[in-house]
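Subject: Handover of a structure and the findings on it

Dear colleague,

I am passing a structure on to you, together with an account of what was found in it. Please look at the structure before reading the remarks below it.

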Amino acid sequence: MKKIEQVSIIGMGALGILYGAHIARAIGFDHISYVMDEKRYEKYKAAPVYCNNEELHFQCVPARKAQPADLLIVAVKATGLAAALDIMESSVGPGTVIMSVMNGISSEEIIGARYGAKRLIYTVAQGMDAMKFGSRLTYTKMGILAVGIREETQQPGLDRVCEFFSRIALPHRAEKDILHRLWSKFMLNVGVNQTCMVYSCTYGDVWREGKERDTMLGAMREVIAVANAEGVSLSEADLTEYDQIIRTLSSDGTPSMGQDRIAKRPSEVEMFAGTIISYGKKHGIPTPVNEWLYGQVQEIEKQY
């Protein structure tokens, strides 16, 4: 089994920097690179980033000069995946394992359709409270990466990644049912991300009884209903598990869509509420909370 030594990352958002910083400290900054288009390369090539106030200088590479990586991490927002598929082409070689730490339940299928499912391992990033504004990332909880496979051809890649993560002490857990984990985290995101954006609130606000918490739980229960219709056995026990995870995060932090509102960025509402509304129509399941959230986010983004 060839060990992972060279890592490339697509995306310099919160998770891209969070994991990049950990990997670079463990194996050296010369073993990790951020691959990007020419415009972003010119912007970031000489610019430091800050991780909990530590100044870091990463190696940035334009896509045309990138070399195949042992591990390629896709850490873009849903709105950037289509472009990322082209940017990552030169970083994918015969032995490259690809993992996506993106939100949602579809990025692995989209990447696999382009580069082959056998290269992929499925990944769920959870339990972190990372917030990034400009070039500054702050976090108090790194969380854990849940990893797994959906077909046997992906097992060698999973073995290599688990060996690598163990070697660099990156918190991870191999999941027997990764599809269930993907939907569980998706349930959380549909609830907490959209609620925090619409109400401009924090994790602490959704801990407490009130309209924010009611909205979050209502949106999550709609995910449970459509997941069950899709053959994924989500339940109230999963909701309770993820509600507890929220309570471990910084009370004054806010998730990615909350950060989007502050920074006046387009959000991932299509991937969250948009997906649930679509599944609801497919199965004849009412999704009034997500429909309301969808409309509210649309109105907020019109004001940017």
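The paragraphs below take up the strands, the cavity, two unusual backbone angles and the cysteines in turn.

Please bear in mind throughout that this is a predicted model.

**The strands around β6**

A convenient place to begin is strand β6, which covers residues 71–74. Its side chains divide between two directions: Leu-71 and Ile-73 point one way, while Leu-72 and Val-74 point the other way. All of these residues are buried. As a general matter, side chains in a regular strand alternate between the two faces of the sheet.

Strand β6 has a parallel partner in strand β1 (residues 7–10), with four bridges between the two. Within this pairing, Ile-10 has Val-74 of β6 as its bridge partner. Strand β6 is also paired in the parallel sense with strand β7 (residues 97–100), again over four bridges. Here Leu-72 is matched with Ile-98 of β7. Helix α3, residues 81–87, joins β6 and β7 in a right-handed β-α-β unit.

**The strands around β11**

The second group is arranged about strand β11, which spans residues 144–148. Four of its five residues are buried, so the strand is largely enclosed by the rest of the structure.

Strands β8 and β11 run antiparallel and are joined by five bridges. In this pairing, Thr-123 has Val-147 of β11 as its bridge partner. Strand β11 also pairs with strand β12 (residues 172–174), in the parallel sense and over three bridges. Val-147 appears in this pairing too, with Ala-174 of β12 as its bridge partner. Together with helix α5 (residues 155–167), strands β11 and β12 form a right-handed β-α-β unit.

**The cavity**

How many cavities of 30 Å³ or more does the structure hold? There is one, and the space in this largest cavity comes to about 70 Å³. In general, rolling a probe the size of a water molecule over the atoms shows where empty space is left.

The lining of the largest cavity is made up of Val-101, Met-102, Asn-103, Gly-104, Thr-123, Val-124, Ala-125, Leu-182, Lys-185, Phe-186 and Asn-189. By class, these are six nonpolar, four polar and one charged residues. Two elements, β8 (120–126) and α6 (178–198), each supply at least two residues of the lining. Helix α6 gives the largest share, with four residues. Thr-123, already met as the bridge partner of Val-147 in β11, is among the lining residues.

Asn-189, another of the lining residues, is located in helix α6. Is Asn-189 buried or exposed? Its relative accessible area is 5%, and Asn-189 therefore counts as buried. The C-alpha atom of Asn-189 is separated by 28 Å from that of Asp-37, and the two residues are 152 apart along the chain.

**Two residues with positive phi**

Most residues other than glycine have a negative phi. Against that background, two asparagines deserve attention. Asn-52, although not a glycine, has a positive phi of about 50°. Asn-53, likewise not a glycine, has a positive phi of about 75°.

Where does Asn-52 lie? Asn-52 is in the loop between β3 (49–51) and β4 (54–56), and Asn-53 is placed in the loop between β3 and β4 as well. Asn-52 is partly exposed, with a relative accessible area of 36%. For Asn-53 the value is 63%, and this residue is exposed.

**The cysteines**

The last topic is the cysteines. In general terms, a disulfide is a covalent bond between the sulfur atoms of two cysteines. The count for this structure is zero disulfides. Cys-51 takes part in none, as the nearest cysteine sulfur, that of Cys-60, is 15 Å away.

Why is Cys-60 not bonded to Cys-51? The sulfur of Cys-60 has its closest cysteine sulfur in Cys-51, and the 15 Å between them is too far for a bond, because a disulfide requires sulfur atoms within 2.5 Å. Both residues are buried: Cys-51 has a relative accessibility of 2%, and Cys-60 has one of 12%.

With kind regards

Technical notes
Residues numbered from 1 in each chain as written. Predicted model: local features only at pLDDT ≥ 70, side-chain atom pairs only at ≥ 80, totals over all residues. Heavy atoms only, no water. Buried < 20%, exposed > 50% of the residue type's maximum accessible area, 1.4 Å probe, protein only. 1 Å grid on protein atoms, 1.4 Å probe; cavity = no way out; pocket = protein on both sides within 12 Å on 5 of 7 lines; lining within 4 Å. Points joined across faces, edges and corners; volume = space filled by probe spheres on them. Nonpolar A, V, L, I, M, F, W, Y, C, P; charged D, E, K, R; others polar. Pairing = 2+ DSSP bridges. Right-handed = clockwise from strand over helix to strand, strands pointing away.
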